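Trainee: I would like to go through the labels on this model and hear the reasoning behind each one.
Mentor: Then ask about them in turn.

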Amino acid sequence: MLKLNNVIEWIDERTSLKKFLQFLSNKKVPQHRFSFWYILGGLTLFFFITQVISGVLLLFYYSPTPENAYESVQFILNQVRHGWLIRSIHIWGAHLMIVCVLLHMFSVYFLTSYRKPRELMWCSGVILLFLVLGFGFTGYLLPWDNEAFFGTVIGTEIPKSIPVMGEFVVKILRGGDEVGGETLKRLFAMHVVLLPLLTILFITMHITLNQVKGSSVPIGIKMQSEGTPFYPNYIMRDMLAWTIGLILLLSLAIIFPLALGEKADPLSSTPQGIKPEWFFLPLYQTLRFFPSEIAGINGELLVNIFVAVFASLWLIVPFIDFPSQREEKGMLFKVIGYILIIYIAVTIVIATTT
């Protein structure tokens with residue numbers, strides 16, 4: 001009968017597991033008064049894992065066709081044992097994942113953790129934010145209820161004002177001129193195949209860079225110690241954060257289960273007061289702020305251009321924040337960050353209450 005030590009030796013001989021654990025134990029996580037922000041990256045990963053697991057379970061019963069999508073979700077809610085809970089976990093997990101991504105991004109931004117040599121870590125993180133928002137957009141239509149249908153109609157209209165490429169982008173998303181069965185199939189394919197593959201690729205890149213380059217120490221902050229060993233100390237800290245995250249997720253899913261609206265009717269009129277999810281409300285409210293035309297230029301076009309330019313600049317922040325490159329504190333980018341947070345909060349409140 002094989003002993004446990006023999007099994008461990010057999011595995012280690014083929015995987016070099018001990019060398020890997022030795023590398024992790026030698027790796028130190030900086031210990032200072034802002035160290036608690038480091039848990040947000042691992043917590044985001046946890047919620048992504050819960051999304052994958054709950055999404056796979058939902059796929060066993062979901063049917064991505066206009067004729068069956070709504071009924072399959074109803075079947076999950078009413079007939080599948082604990083199906084309502086799995087769906088609720090999936091939806092609440094998406095919200096919590098986006099919250100964690102945003103908090104993680106802003107913590108990295110204000111701590112200037114993106115500075116040399118971690119520029120690519122920042123870039124991969126920003127791309128992951130875009131991918132996570134893509135999950136929110138592509139998953140919205142899948143229940144095929146009225147709110148999701150007309151929300152997607154409005155959402156897929158936004159790129160239409162972009163010169164040259166606008167109509168093409170809309171047709172790619174919709175699979176035609178109108179939202180219908182082809183739209184559902186395309187968004188479903190993006191949601192369960194394309195976006196997960198890209199997300200796993202960039203998560204792997206992000207984690208690898210983090211392990212190789214380590215966590216940054218904020219400019220001017222003194223270390224409280226030599227650092228915390230990543231294995232097992234910091235991993236145990238991450239596990240505690242994951243446990244708290246799981247308790248929060250289960251609590252929200254059980255206490256506030258999410259219902260299904262009426263089945264989508266493409267021939268009916270758009271419901272009153274329909275709005276996108278909270279994470280798209282800043283864009284939604286910005287479009288409402290702008291008039292339909294400014295100096296003969298389409299208002300939606302101006303918003304699209306502004307968003308594209310800002311997203312591009314946000315992606316290359318490490319390369320244009322020159323004071324941080326010199327290990328100096330600068331006020332300009334902090335002020336920009338504060339303005340952005342205030343704008344996001346204010347637009348969400350305005351869009352929610354009006």
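Trainee: Why is Trp144 called buried?
Mentor: This is a predicted model, and in it Trp144 has a relative accessible area of 4%. Buried means under 20%, so Trp144 is buried.

Trainee: What else is listed for Trp144, and where is Trp144 placed?
Mentor: Trp144 is in the loop between H6 and H7. Its phi is positive, about 60 degrees, although Trp144 is not a glycine. His82, in the loop between helix H4 (69-78) and H5, also has a positive phi, near 60 degrees, and is a residue other than glycine.

Trainee: What makes Glu157 and Arg174 a salt bridge?
Mentor: Their closest N and O atoms are 3.0 Å apart. The cut-off is within 4 Å, so the pair of Glu157 and Arg174 counts as a salt bridge. Glu157 lies in helix H7 (residues 146-157) and Arg174 in helix H8 (residues 166-174), so the bridge ties together parts that are 17 residues apart in sequence. Salt bridges with shared partners also join Glu157, Lys160 and Arg174 into one network.

Trainee: Are the two partners, Glu157 and Arg174, buried or exposed, and how do you know?
Mentor: Arg174 has 2% relative accessibility, so Arg174 counts as buried. Glu157 has 29%; partly exposed lies between under 20% and over 50%, so Glu157 is partly exposed.

Trainee: Why does the pair of Asp177 and Lys171 count as a salt bridge?
Mentor: The closest N and O atoms of Asp177 and Lys171 are 3.8 Å apart, and the rule asks for within 4 Å, so the pair qualifies. Asp177 has a relative accessible area of 53%, so Asp177 is exposed, while Lys171, at 43%, counts as partly exposed.

Trainee: How many salt bridges are there by this rule?
Mentor: The count comes to nine. Among them is the pair of Glu328 and Arg326, at 3.4 Å from N to O.

Trainee: How many disulfides does a search of the whole structure find?
Mentor: Zero. A disulfide needs a pair of cysteine sulfur atoms within 2.5 Å, so the search found no pair that meets this cut-off. As for individual cysteines, Cys100 is buried at 6% relative accessibility, and Cys123 is buried at 13%.

Trainee: Which peptide bond ending at Pro117 is cis, and where is Pro117?
Mentor: The bond from Lys116 to Pro117 is cis, with omega near 10 degrees. Pro117 sits in the loop between helix H5 (83-110) and helix H6 (119-140). A cis peptide bond also joins Tyr231 and Pro232, with omega about 0 degrees, and Pro232 is in helix H10 (residues 230-255).

Notes
Residues numbered from 1 in each chain as written. Predicted model: local features only at pLDDT ≥ 70, side-chain atom pairs only at ≥ 80, totals over all residues. Heavy atoms only, no water. Buried < 20%, exposed > 50% of the residue type's maximum accessible area, 1.4 Å probe, protein only. Salt bridge = Lys/Arg side-chain N within 4 Å of Asp/Glu carboxyl O. Helix = DSSP H or I, 4+ residues; strand = E, 2+ residues; numbered from the N terminus.
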